[in-house]
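Q: I'm new to this one. Can you walk me through it?
A: Sure. Here it is.

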Amino acid sequence: MDKALAQKVIDRLASAKSPALFTHLRPDGDAYGSLLGLAHALKDRGQTPTLHVEGGMIPMYRFLPGSELVQDVPDQLPAKADAFVVLDTSTRERVGKKTAEWRQPVDLVIDHHVSNPGFGTLNLIVPEIPATAGVLFRLFEMAGWKISPAAATCLYAGLSTDTGSFRYRGTDSQTLRIAASLVELGADPSEIAKHCYLSITPERYQLKKLTVETLSLKDNKKSGFLTIKPDFYSKSGAKSEDTEGIIEEVTSIQGLEVASLFEFSKDGGLRVSLRSKGRVDVNAIASFFGGGGHRAAAGIRFSKDGEKNRDLVLAAISQAIARLEA
Ligand code: AMP
Ligand code: MN
Ligand code: MN
């Protein structure tokens with residue numbers, strides 16, 4: 001992490017009385033964990049941050065301390081806000097539709113996505129740390145800011161979920177050191193794991209069951225894809241956030257290099273999730289289609305031509321796998 005840049009970020013955060021904190025659409029554990037982790041650190045310093053996520057808090061992460069502070073994205077940047085901060089978000093668009101029209105520039109971006117173009121005035125993007133929560137931990141440590149048990153719990157949840165429970169490539173000794181420090185500061189790994197991994201609702205389970213049934217293996221069983229059709233939601237009673245983690249079912253197949261999940265929406269749009277076991281760079285594939293993410297986990301969103309775009313993405317995956325064998 002660039003120390004001089006990190007110090008500028010600390011100074012910018014410290015100088016804001018009421019920073020407005022945002023994260024990405026379809027938030028995951030790192031999105032909520034870093035949002036709430038930063039909020040605790042700032043509140044403990046006497047600052048009054050506001051927290052905004054499109055759609056508000058999802059039930060699964062309500063166990064995170066401070067989750068009641070999370071509000072939906074307002075129509076305008078709060079009048080009191082003296083810093084516009086975006087966490088864990090790889091592009092400006094992923095902050096959400098509502099904010100797209102705001103004329104205020106994003107003051108500060110804190111992230112770990114290698115594909116992040118740096119859309120803020122000040123950008124701290126640290127791809128060598130596998131979660132934004134870990135970047136924040138290093139930042140607080142450098143600043144000498146208090147990390148309460150509540151903050152540690154939120155940051156640990158972000159780090160754990162973004163590393164697939166410390167299983168993905170990118171999990172290194174530094175990651176585990178950060179995790180150990182967070183445990184020393186009060187995060188409870190088994191309690192957090194219970195909420196993040198062992199609390200699937202029956203509706204979510206039903207959606208997973210329907211989706212897993214659609215598995216199709218390709219490219220000599222080196223790639224596999226799942227499909228979510230719009231009616232799976234009415235059939236299962238699940239919500240859109242309940243798709244998180246389903247793709248791991250495919251990734252777990254022996255010999256597979258790339259897993260993908262195609263979620264079709266009623267209006268013809270398509271959301272794509274891509275995972276690689278390491279040899280194929282799925283961020284390169286996603287970026288080609290206007291998406292992004294990391295080498296081993298990336299995503300794309302198409303507003304139309306769902307089926308056509310699915311075929312194009314599948315062809316790009318086949319090509320990438322063919323190149324491995326060449
Ligand atoms: P997901 O498959 O939605 O879990 O996303 C995997 C990774 O790719 C995450 O780190 C996301 O932040 C990133 N990502 C997903 N969708 C997009 C997108 N449309 N544009 C840029 N990055 C994305
Ligand atoms: Mn995220
Ligand atoms: Mn993240």
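A: Helices (H or I, at least four residues) and strands (E, at least two) are DSSP runs, numbered from the N terminus. This is a predicted model: local features need pLDDT of at least 70, side-chain atom pairs count only at pLDDT 80 or more, and totals for chains, interfaces and linings use all residues. Residues are numbered from 1 along each chain as its sequence is written, and side-chain values use heavy atoms, leaving out hydrogens and water.

Q: Which element gives the largest share of the shell around ligand 1?
A: That is β12, with 5 residues.

Q: And which residues come nearest to ligand 1?
A: Ser-90, His-113, Ser-273, Arg-275 and His-294, out of 15 around it (near means a heavy atom within 4 Å).

Q: How far is the polar side-chain atom of Arg-275 from an oxygen atom of ligand 1?
A: 2.9 Å, a polar contact (a pair of N or O atoms within 3.5 Å). For His-294, a side-chain N or O atom is 3.1 Å from a ligand 1 oxygen.

Q: New topic. What are the protein donors of the manganese ion, ligand 2?
A: His-24 (NE2), Asp-28 (OD), Asp-28 (OD) and Asp-88 (OD), lying 2.1 to 2.5 Å from the ion. Donors are N, O and S atoms within 2.8 Å of the metal (3.2 Å for Na, K and Ca); water is not among the atoms, so sites may look incomplete.

Q: Which residue coordinates both ligand 2 and ligand 3?
A: Asp-88 does, and these two manganese ions are 3.6 Å apart.

Q: Is Asp-88 buried or exposed?
A: Buried, because its relative accessible area is 1% (buried means under 20%, exposed over 50%, partly exposed in between, with a 1.4 Å probe and protein chains only). His-24 is buried too, at 3%.

Terms used. Chains lettered and ligands numbered in written order. Polar contact = N/O pair within 3.5 Å; in protein donor to acceptor, adjacent residues only side chain to side chain.
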